[in-house]
Amino acid sequence: MTDMENDRKSLWKTFLYKHREKESTPPPEEDDYKVEQVLPSSLLAAKEMLEKSLGKPGDLFFRFIKPPALKRKFMICALEGLVDQKELSLHVVEPLQTTKEVLDETEDILEALGEKIISVSQWEKIDTTDEAKNQLLDGNSLLFADGLSSALVIFNHEYEHRTVNEPITEQVIRGPIEGFVESLQVNRALLRKHIKDERLRLDSMRLGRRSRSNVIVAYVDGIANKPRVDAVKEDIKSLDIDIVHDVAELSVLLQKRSANIFPLSMTSERTDKVSAALMEGRIAIFLENSPAAMVVPALFIDFWRTPEDYYSSPVLATFFRFLRMIFGNHLTMMLPAFYVAFTNFPSGIIGSQLIMNMAASREGIAFPPVLEVLFMLILLDIILEASQRLPRLVGGATTIVGGLILGQAAVQAKLASNIMVIVVAVTAITNLTVSNLAMLPAMRLLKYYFVLWAAFFGVAGIVFAATTVLAYVGSLKSYGIPYLSQMSAIHLRDVFDTIYVFSPKMRTHRPRTFKTIDGQRWDSKKMKYNEDSLDDV
Amino acid sequence: MRSLTFFFIVLLFLLTTGCWDSTAMERRALVMNIGFDVGEEKPLALVLDIHNAKQSDANTMVGPPGALGPAVIAPRTEGTTIDECLEEQRRNMPRRIDFGLASAVVITEDAAREGIFPYLSWIFFHPNVRNNSYVIVTSTDLQKLFTEEARVVEGTMGGALLVSQLMADRKTAALTRVNLWEAYRIQLDGTGSLMVPFVRSQEGRIYYEGSAVFDGDRMIGLLDPDESAFVNIIAEERMPYLFTFDFIPPEVKENGQEDEQVPAVEERQEVQEEQTAEEQVQEDSEEGSSPEKGHLAEGDREPKKEQKQSNGVEGRPEREGKMDVPDEEASRMTLRFYRVQRSYDIEKIGSQQYEANIHVHFTGMLSDANPPQVRYDRDDFDAMNEQAAQALEKKMQAVIEKIQKELKADVLHLGRYVRPIDIREWEAMDWFDVYPEVTINVSVTVRVLGATR
Amino acid sequence: MYSEKISMLQIGLLMASFFVAGAGLYYNGFLFQTVDYNPFVPLFSGLLLSFIPAGLAAWLCARYPRKNILTMANELVGPFFGFLIVFPLVVAHFTLPLAISRIASELIVDVYLEQTPPWAMTVVLLSISCWIATLGTEAVARTNDEHLVIIFPLTMIMFLLSFSDIRPELTRPYLQVDFSYWIQPEFYGSLLLFLSFTIVLFLNNSISHSTKIYRMIFGLKFIGAIYLFITAYMILGTLGMEMAATFDQPLKVKMTTLRETVFIERIDIFLVLLWLFPTVTSKAVLIVTGARALGQWMSLPDYRRLVIIYYLVIITLSPLMLPFQHAKRTLLYLGPIWMLYLTLILLILAVASLWKNPQKASPRR
């Protein structure tokens, strides 16, 4: 950017983004001045160095070995709990102690050890202290030899992790029920199990100044758009931050608009969902210690799709998607707003019988409709929030107290009309029709926005609110892909799997939105239905 | 971020604009019907039919007894203009007047005879009043009409008691229905005369007593229910319709015994009963003797009749079947028409001279009032067609004579068809001067398809 | 210069929005005031008249793919004259939203919010349009797509509910023609509706497959004419010529006469609000094309902040249109002037293009 443009922008920036100017000062580049330190050759010096840099932790242990056949002294060093100690003693300590082989001192003793004596599956030779420390923290064991300024890394880390089980947040009736776990190795294996393609790429990199977590960027070479993969990698590389705990946090960090409430990436624990996404040309990001994969680019429609849509008949899938997306989504956002519009504005829109009933139930209520709605909605959200965090045993009680007693009492105390209670109940239920929970908070927040507009302009206000929300959603992009893609008319063919789910024969191609390299996913013309097929008509 | 900031600025700005229209529901008086009358002291009177929500069945949280007030309040104010009347209503009403639910505009006969256009145009341009509400003329006092405790199924719920019959059966011929916008249009383009339902309230029941006919915007006369049914059939092709006439079987006629037999038309005297047919069902079965009683329930009882048909062979032996002996020479025959096709053929025969040929084709069946024992053959049906057509034609000519010569009102909306023939001439002439001179020929054909059973 | 991408279909939908909004807001009012009877003749005359500039625009767009009218004018008549002849078009783009907002606010105030002052609605509508415009051309186009998805079923409902009230004899005569419309200003005002293709001229550099844009322009004209014909027929068959001509927004009145449906007693409120969707987006696209053009002349990297400046200016100016008649008169004069001017400059550009490079055949894809 030229200076002139900078000047032109500065006035505006100081006006609106004063607080952001400070953030944009680049962090000091320490790496440039760092000198790689070679490992000390003496065992004791090495021990001292490690103890000093790690601060004499209780879980750091050293084991000295003096093999009878060798002249040197060896030292094994590892962090307790991170390494497989059985493997260490069985395949490293025991062979060293019992070896009869006399090694030639002229060759590299550590490499010779790795090749001839130690029986672990994976090892590596390192030279610098930084590497040694990193490997130690990654949960690997180090084997030092006295008098040599290098060490042998024995890859025997073994973290504690859950076993693979059903994802709790994304339960389905049909389909595989295995979900990702917090261990990156397991996740990688699960993915490989699904896609046995040689072109499945699992590019790993490190993230976090202090956490140094492993990140895997998974995509299928030959399908995924290469510049987009590079952009994702570039973004992750340029993220210079202490620690990232979960992919959800990562997705928040990667967003350019900080005030955006819509999820611009899809996090999923389901293996089938992620592998399907990869096959559409998307990119999945796995993070160590996070049980979910983050899929980019994500579209608005993705949050209304469920795996079951593809495991059942397109007609059924369309019906249920309609339920979720058209009815569930709109009711949860707009029903309270419509209540406000109908009770607070000149009547006559809806049936006079209902208006009569509403008028009768409104008689004697202390609050005006807007306050009544806000009061009940906030109460509803408090109950939802409370029941989410509470242990299950107590949670049931909250629901009963909140739902039954409070609602009934509010009506009897004339704090709310009984139609309002129904409205709130419907809102609470339709909240949950969203298929991906990442979209839920946005919907819960938007209902207040709609109520606000409805309070001012009635039904017209709801139309205005819908316009602005649509425009806002329409302006979002996820890695260059417009958020409303597939639903808006850039590629007509992609509409086949949006609100309506067409037959798989219409969906033989990958979404063109993602600009995939290989477009076809099913050559339906090759399909031969023989007489014994499922469908004999 | 920039656009979001801008958006919040805009939103803040909007929120300062205030909400003018927002009034909580319990602060509004819901007007169910709007009534206009001639004032006693001032020229105009406005009566509003206001529903009391506290009194509604849906109000489950009733307060102390006696605190609820009447179910309907109908305050009456007088003034020189409608706005003045409304202003006074506003002064006296502790709530904001909301016309959103108003389903009917009721005008008293006195007011209607003085001209209704000011009312129509005032309501039409009054925001919030539904333009698809109905226009009704009544001979009953408006306050009595609105507040009288209803004794029908509808109850006070919805306050739409007045129009519930208009809403219940949209197609029946006997009820005249006219919407506000329609009435306004007829006033404005002058292609016809307005015909408005005429109602009377008695002991909590609404009786539809034919229609009020207007010349311009002044009410000039009344058509009885049967006449207005004919007008509705011709003008709007409304159905179903029951028609009773004297039928002479062909073999009797061949014998030459009844040479001068002119089928006498049986007038239906109690059409108003059929309007409140829901009430009538019980009484009918109790009385069950009068031959006409059973014929009349075309409108509301229609579905029941259909059911009976599908039920199969067994009829209703205690009813009309007995009244006619089959071997009598002239039997009284009732036809139930369910389809009518009307065509206007209007020709210009000279300067400002028009000739209208109206052809009406009825399709119907024998109603269940006819003797079930008789089996009719092809010849019988042919004779039936012919005789029914003759009877209908005669009746229609009488009606047309009345509206054209006596009332001089174009309720058949012939003007709408005359207008496009020569629109230059139409713009130059006054249709209502020409209309009484127009030759109107009516021809009727009837096709009876069989018996209902 | 701005790297925004809009597909052909989206441009078509934007033009469709102009038709839907215009028919609901002002077009039918003008149309029925031009003649005493048979308004279908002025409708089709207007359509045919608009084919002249539309044909020129389509030809130019096909001849200069990926170039908008600014670049074309710059290349053909030089930067100074280029600016001079295109700038009035930008002014028209900036004027129209204000008048349309006022007319749309009349619609809402008349049908639903009768106590709200029209200026408040005008401000609301302008604010929303401007805000959508700040999101950029692509966002406007995508919002418009979704809006049309919403209003398509509602339009179908509108048509279905309308037909039961129609009396065909009120729409007649068809063959007797009242040619007095040629001297009525309202007829020329109604031409405004057919000018939606100007957005193609301004967005031509963002449209993919722009050499076949003529299909979209003429296809949309055809569909739009059918839509206008149906709405005019509906109004005429229900209200009659005499009554329809007394209203400024007869389609709105037609909507208020619809029968109550199963549950919704005044479906007209929903149907009238239906026009707000295309109104908002068509205003937004006018604003965004104007701002883009200005940005291109000023070579700004981001034209969107011009929208904010425009917003402040237009809000300040909005009291000008406070009387409804002012807004109506603006449209009345804007229509013919714009149409004439557009035809003129397109002719100039076409002649200049042939003069400079007569051999160049329009490129085929």
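Which strands of chain A does helix 10 lie across? In this predicted model, helix 10 of chain A, residues 271-279, lies across strand 7, strand 8, strand 9 (283-287) and strand 10 (293-296) of chain A. With respect to strand 7 of chain A, helix 10 runs at about 55°.

**The sheet beside helix 10**

The strands named above belong to a sheet of chain A, which is an open one formed by five strands in the order 6-7-9-10-8, with antiparallel pairing. Strand 6 (200-207) and strand 8 of chain A stand at the edges, and because each of them has a single partner strand, one side of each is left without a neighbour in the sheet. Neighbouring strands of this sheet are, on average and with direction ignored, turned by 25° against each other. Looking at one pair in detail, strand 6 of chain A is joined by eight bridges to strand 7 of chain A, residues 213-220, and the two run antiparallel. Within strand 7 of chain A, the residue that stands opposite A:Asp203 is A:Val217.

**Domains of chain A**

Chain A is divided into domain 1 (3-33), domain 2 (43-154), domain 3 (184-310) and domain 4 (316-481). How far apart do the C-alpha centres of domain 3 and domain 4 of chain A lie? The distance between these two centres is 33 Å. The two domains also touch, since 21 residues of domain 3 of chain A are in contact with 17 residues of domain 4 of chain A. On the domain 3 side of this contact, the elements that give two or more residues are helix 8 (226-237) and strand 8 (266-268) of chain A, and helix 8 of chain A gives the most, with three residues. By residue type, the side of domain 3 of chain A that touches domain 4 of chain A divides into 14 nonpolar, four polar and three charged residues.

**Chain A and chain C as whole chains**

The overall description of a chain can be set out by the same kinds of quantity, and the table below does this for two of the chains.

| Quantity | Chain A | Chain C |
|---|---|---|
| Helices and strands | 17 helices and 12 strands | 15 helices and zero strands |
| Span of C-alpha atoms along the principal axes | about 100 × 65 × 65 Å | roughly 60 × 45 × 35 Å |
| Buried residues | 38% of 537 residues | 59% of 365 residues |
| Contacts at separation of at least 6 that join residues at least 24 apart | 65% | 82% |

The radius of gyration adds a further view of each chain. For chain C, with 365 residues, a compact globule would have a radius of gyration near 21 Å, and the value of 20 Å for chain C agrees with this. For chain A, a compact globule of 537 residues would have a radius of gyration near 24 Å, but chain A has 30 Å.

**Where chain B meets chain C**

How many residues of chain B are in contact with chain C? The contact involves 23 residues of chain B and 33 residues of chain C. On the chain B side, the elements that give two or more residues are helix 1 (2-15), helix 7 (180-189), helix 14 (414-418) and helix 15 (423-428) of chain B. Of these, helix 1 of chain B gives the most, with five residues. The residues on the side of chain B that touches chain C divide into 11 nonpolar, six polar and six charged.

**Two local details in chain B**

The first detail is a hairpin. Strand 9 of chain B, residues 205-215, and strand 10 of chain B, residues 218-223, run antiparallel and are joined by five bridges. One of the residues taking part is B:Phe214, whose bridge partner in strand 10 of chain B is B:Met219. The hairpin has two residues between the strands, and B:Gly216 takes a positive phi near 65° there.

The second detail is a loop residue, B:Pro94, which lies between helix 2 (82-92) and strand 5 (96-98) of chain B. Is B:Pro94 buried or exposed? B:Pro94 is exposed, because there are 6 other C-beta atoms within 10 Å, and a residue counts as exposed if this number is 12 or fewer. Although B:Pro94 and B:Ala29 are 65 residues apart in sequence, their C-alpha atoms are 8.4 Å apart in space.

Definitions and conventions: Residues are numbered from 1 along each chain as its sequence is written. Chains are lettered from A and ligands numbered from 1 in the order in which they are written. This is a predicted model: local features need pLDDT of at least 70, side-chain atom pairs count only at pLDDT 80 or more; totals for chains, interfaces and linings use all residues. Domain bounds come from an automatic or database domain assignment. Two residues are in contact if their C-beta atoms, placed from the backbone, lie within 7 Å. Helices (H or I, at least four residues) and strands (E, at least two) are DSSP runs, numbered from the N terminus. Ala, Val, Leu, Ile, Met, Phe, Trp, Tyr, Cys and Pro count as nonpolar, Asp, Glu, Lys and Arg as charged, and the others, Gly among them, as polar. The radius of gyration is taken over C-alpha atoms; the globule rule is 2.2 Å times the number of residues to the power 0.38. A residue is buried if 20 or more other C-beta atoms lie within 10 Å of its own, exposed if 12 or fewer, and partly exposed in between; C-beta atoms are placed from the backbone. Two strands pair if DSSP finds at least two bridges between them. Axes are lines fitted to C-alpha atoms, for helices over the stretch in contact, and angles run from 0 to 180 degrees between N-to-C directions.
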